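Subject: Handing over the structure

Dear colleague,

I am passing on to you the structure that we talked about, together with its sequence. Please open both before you read further, and keep them at hand while you go through my notes.

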Amino acid sequence: MSRPHISTQADGPEHTIWFETRPRHLAGGGDPRHITQALRAAGWKNHSDPDYPHVVLASPDHRHTVVLEPETSSYAAWWRIQAHGDHGHWYATFGGNTPVEILAGLTDALLKPVPETAPEIWPTLAWAGWSYERDEHGNETATHPDTNLSLRRRSVEPAESFFLTAEAALPTGLGGHERIWHAYFDDRMPPHLIAAFTHALALDEPVQRRHYDVPHSHLVTQERGPHGEQLALAHEARLKTARATARKTRRSALAAQTAPSTTAVPARSR
């Protein structure tokens, strides 16, 4: 029996009119397959329940998991990324309106070897034109030029730990803010992963969305973008890169494990 054609949001991009949307941090979540298919191309396993609307992915070594579980509110934590095992425990959460192109900065970094040194996050934002403040308690805040996006590092007494948050929010005019999306990182998270997310946060490139398929259409500009066929080809290239990156990382890890010891052996006396 042939499968009937069923039109869903999981259809390919070929028959959709796309619009380049700016600013990217107000463009809405986008297609989660930008993340999930890249991880699966890199060898991550899908442990989802086919009868439940979620995605559960685990890395080949089971050290990392990525869970996408849509909530009733798009402002709640839809994405959960965690590390497990002897290499440390940490987690991060992201709201449903977090653009997948920004979140992919972090998930793509999970596929790469850990760098010897992680870049600083605040200079990255300063170079992109963000303002920066540090108070007398050591709390740090960087704010996007449009003031609707911020990154904050808050110390926790007795100043031995901290938490980091990113948030897109709009002023309500009454002294408060209406949250669009929110991200949370705990203090055990590797600095290079926070730096990778920050780099993606600082980019000014447009993202592709359907017309008005954004949380607040009056806050973004949308111009006709590339054809769907071009986006499909770009996505395939992204998956190819994910496969190649994962293979290179596995080879590097294997070479490090099997490398001969360089410790000098003292000469035997006669």
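What follows is a description of what was found, beginning with the whole chain and moving on to its parts.

Please keep in mind from the start that this is a predicted model. The protein contains five helices and 13 strands, and its C-alpha trace spans about 85 × 65 × 35 Å along the principal axes. Of its 270 residues, 40% are buried. If you look at the contacts with a separation of 6 or more, you will find that 52% of them are accounted for by residues 24 or more positions apart. The protein exposes about 16400 Å², and carbon and sulfur atoms supply 52% of that area. There are 27 positive and 31 negative charges, and the mean positions of the two groups are 10 Å apart.

The first sheet to look for is an open one made of 10 strands, which follow the order β2-β3-β4-β5-β6-β11-β10-β9-β8-β7 with antiparallel pairing. Its edge strands are β2 (45-46) and β7 (131-134), each of which pairs on one side only. Helix α1 packs on this sheet, where it touches β2, β3, β4 and β5, and its direction makes about 35° with that of β3. Within the sheet, β4 and β5 run antiparallel and are joined by five bridges; in one of the pairs that you can look up, valine 67 has arginine 80 in β5 as its bridge partner.

Helix α1 itself covers residues 33-41, and among these Ile35, Thr36, Ala38, Leu39 and Ala41 are buried. An α-helix has 3.6 residues a turn, so residues three or four places apart point the same way. The buried residues of α1 pack against β3 (55-58), β4 (64-68) and β5 (77-83), and also against the helices α2 (100-109) and α5 (228-258). After α1 comes glycine 43, which has a positive phi, near 105°. Another helix, α2, lies across β5, β6 (90-95) and β11 (177-185), and runs at about 10° to β5.

Further along the chain, strand β8 (residues 140-143) pairs with strand β9 (residues 149-156) in the antiparallel sense, over four bridges, and there you can find glutamate 140 with its bridge partner arginine 153 in β9. Five residues lie between the strands of this hairpin, and threonine 147 takes a positive phi near 65° in it. Strand β9 is also joined by eight bridges to strand β10 (residues 161-171), and these two run antiparallel; here arginine 154 has phenylalanine 163 in β10 as its bridge partner.

Is proline 145, in the loop between β8 and β9, buried or exposed? Residues count as exposed when their relative accessibility is over 50%, and proline 145 counts as exposed because its value is 52%. Leaving aside residues up to four places away in sequence, proline 145 touches Ala128, Gly129 and Trp130. Its C-alpha atom is separated by 36 Å from that of arginine 40, a residue 105 residues apart from it along the chain.

There is also an open sheet of three strands, in the order β12-β1-β13 and with antiparallel pairing. Strands β12 (207-209) and β13 (221-224) are its edges, each pairing on one side only, and neighbouring strands of this sheet are turned by 40° against each other on average, direction ignored. Strand β1 (residues 19-22) is joined to β13 by four bridges and to β12 by three, running antiparallel to β12. In β13, phenylalanine 19 has arginine 224 as its bridge partner and arginine 22 has threonine 221, while glutamate 20 stands opposite glutamine 208 in β12.

How do the side chains along β1 alternate? In a regular strand the side chains alternate between the two faces of the sheet. In β1, Phe19 and Thr21 point to one face and are buried, whereas Glu20 and Arg22 point to the other face and are not buried.

With best wishes

Terms used: Residues numbered from 1 in each chain as written. Predicted model: local features only at pLDDT ≥ 70, side-chain atom pairs only at ≥ 80, totals over all residues. Heavy atoms only, no water. Buried < 20%, exposed > 50% of the residue type's maximum accessible area, 1.4 Å probe, protein only. Contact = heavy atoms within 4.5 Å. Areas by Shrake-Rupley, 256 points an atom, 1.4 Å probe, with all protein chains shown as cover. Lys, Arg positive; Asp, Glu negative; His and termini not counted. Charge placed at Lys NZ, Arg CZ, Asp CG, Glu CD. Pairing = 2+ DSSP bridges. Axes fitted to C-alpha atoms, helices over the stretch in contact; angles between N-to-C directions.
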